[in-house]
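Trainee: I'd like a close look at one part of this protein, the charged pairs and what sits around them. Could you walk me through it slowly?

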Amino acid sequence: MAKIALLGGTGHEGRGLALRFALAGEQVIVGSRSAERAAGTARALNQRCPAAAYPFLGATNAAAAEQADAACVCIPAAALQETLAEVRASLLGKTVIEVVNPIVRTAAGFGLFPVAAPSAAELVAALLPDSELVSAFKTIGARHLLDTADPLRGDALVSGDSAPAKRFVLDLVARMPHLRAVDCGPLPNARHIEAMTTLLLELNRLHGGTTSVRILDLPEHAHR
Ligand SMILES: NC(=O)c1ccc[n+]([C@@H]2O[C@H](COP(=O)([O-])OP(=O)(O)OC[C@H]3O[C@@H](n4cnc5c(N)ncnc54)[C@H](OP(=O)(O)O)[C@@H]3O)[C@@H](O)[C@H]2O)c1
């Protein structure tokens with residue numbers, strides 16, 4: 001069991017990942033800018049998910065990062081700079097999962113907006129240079145994560161340069177029934193995953209679905 005801090009864990013994606021991580025046997029600390037909001041979300045998750053192996057806890061992002069063995073960054077791209085500066089020291093040497101898609105919706109549809117790096121993943125890497133970063137879950141929408149009666153299907157696309165951090169996420173996904181983890185190589189490949197997520201949102205907009213991905217014809221060694 002690892003204790004995982006979900007930075008921005010009060011949001012849609014954060015609450016969904018909190019439920020799925022807890023059901024996979026991890027202990028979750030919901031993080032927020034507000035200790036009260038974090039506590040309220042943890043209370044609601046405890047009521048909603050009595051099957052969790054450990055009770056959900058709530059704390060400020062800073063306190064959650066300090067107490068946890070690992071963290072998951074679930075905040076909007078525009079908030080990365082400020083939020084990650086607060087937790088950089090606490091996350092030194094720890095595994096950090098980031099799920100950020102720098103996506104904006106305009107009248108023309110969904111698109112990526114520029115961040116201060118070629119991808120949100122690489123921006124997080126620049127802001128947390130002392131952590132073991134892995135990018136994952138970007139293509140898995142909150143709606144699927146929150147509906148725990150329905151197992152997650154398809155692929156969790158995982159990229160990163162730290163072998164232990166990547167193994168941590170591959171093992172975590174392996175404990176999520178029906179979901180498969182696909183090793184997408186080094187962290188910069190998250191650029192392609194962020195673009196792919198934009199396409200999924202466009203498909204949802206055009207056709208009204210809640211799409212996700214499954215890669216076909218992958219050799220066995222590329223997934224678990
Ligand atoms: N929604 C999805 O389906 C989905 C799917 C894949 C990936 N993602 C990614 O996951 C991340 C979170 O998505 P979301 O839909 O959950 O977003 P969200 O609900 O808009 O935000 C998540 C949390 O971030 C915190 N936050 C908001 N603005 C902030 C700021 N300026 N500074 C610091 N913290 C701030 C808030 O927590 P407090 O107010 O409690 O601090 C909020 O509850 C995004 O990067 C998104 O691209 C989302």
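Trainee: To start with, which residue forms a salt bridge with Glu122, and how far apart are the closest N and O atoms?

Mentor: Happy to. Keep in mind that this is a predicted model. The partner of Glu122 is Arg191, and the closest N and O atoms of that salt bridge are 2.7 Å apart. Glu122 lies in helix H5, residues 120-127, and Arg191 in helix H8, residues 190-207, so the pair ties together parts that are 69 residues apart in sequence. The two ends of this bridge sit in different classes of accessibility. Glu122 has a relative accessibility of 14%, and because buried means under 20%, it counts as buried. Arg191 comes out at 35%, which makes it partly exposed. As a general point, side chains of opposite charge can pair when their charged atoms come close.

Now stay on H8 and go to Glu194. This residue forms a salt bridge with Lys138, again with a closest N to O distance of 2.7 Å. Lys138 is in the loop between strand E8 (132-135) and helix H6 (142-146), while Glu194 is in helix H8, so to speak a link between distant parts of the chain, 56 residues apart. Both Lys138 and Glu194 are buried. There is also a third member here: Glu98 joins Lys138 and Glu194 in a network of salt bridges.

While you're in that loop, have a look at Phe137, which is placed between E8 and H6 as well. Its phi is near 65°, a positive value in a residue other than glycine. Most residues other than glycine have a negative phi. Phe137 is buried, with a relative accessible area of 1%. Step back into strand E8 and you find Val134. At 0% relative accessibility, Val134 counts as buried. Its C-alpha atom is separated by 9.2 Å from that of Phe168, which is 34 residues away along the chain.

A further bridge takes us to two strands. Arg180 pairs with Asp155, and here too the closest N and O atoms are 2.7 Å apart. Arg180 belongs to strand E10 (residues 180-183) and Asp155 to strand E9 (residues 155-160), so this pair ties together parts that are 25 residues apart in sequence. Arg180 is buried, and Asp155 is buried too. If you want the full tally for the model, the count comes to 10 salt bridges.

H8 is worth a second visit, as it also turns up at the largest pocket. That pocket has a volume of about 1000 Å³. Its lining is made up of 40 residues, and those nearest its centre are His12, Glu13, Cys74, Ile75 and Pro76. Helix H1 (12-23), helix H4 (80-87), H6 and H8 are the elements that give two or more residues to this lining. H8 gives the most, with 4 residues. Sorted by class, the lining has 17 nonpolar, 16 polar and 7 charged residues.

Next, the ligand. There are 21 residues around it, and Thr10, Ser32, Arg33, Ile75 and Ala142 come nearest. Three contacts to ligand oxygen atoms are worth putting on your screen. For Ser32, an N or O atom in the side chain is 2.5 Å from an oxygen atom of the ligand. With Ile75 the backbone is involved: one of its N or O atoms lies 2.7 Å from a ligand oxygen. For Arg37, a polar side-chain atom lies 3.0 Å from an oxygen atom of the ligand. Note that Ile75 shows up on two lists, among the residues nearest the centre of the largest pocket and among those that come nearest to the ligand.

Two last stops, away from the charged pairs. Ala68 is in the loop between helix H3 (61-67) and strand E4 (70-73). It is buried, with a relative accessible area of 3%. Ala68 and Ala2 are 66 residues apart in sequence, yet their C-alpha atoms are 7.8 Å apart in space. Then there is Asp217, found in the segment after H8. Like Phe137, whose phi is near 65°, Asp217 has a positive phi, near 60°, in a residue other than glycine. Phe137 is buried, whereas Asp217 is exposed, with a relative accessible area of 80%.

Definitions and conventions. Residues numbered from 1 in each chain as written. Predicted model: local features only at pLDDT ≥ 70, side-chain atom pairs only at ≥ 80, totals over all residues. Heavy atoms only, no water. Salt bridge = Lys/Arg side-chain N within 4 Å of Asp/Glu carboxyl O. Buried < 20%, exposed > 50% of the residue type's maximum accessible area, 1.4 Å probe, protein only. 1 Å grid on protein atoms, 1.4 Å probe; cavity = no way out; pocket = protein on both sides within 12 Å on 5 of 7 lines; lining within 4 Å. Points joined across faces, edges and corners; volume = space filled by probe spheres on them. Nonpolar A, V, L, I, M, F, W, Y, C, P; charged D, E, K, R; others polar. Near = heavy atom within 4 Å. Polar contact = N/O pair within 3.5 Å; in protein donor to acceptor, adjacent residues only side chain to side chain.
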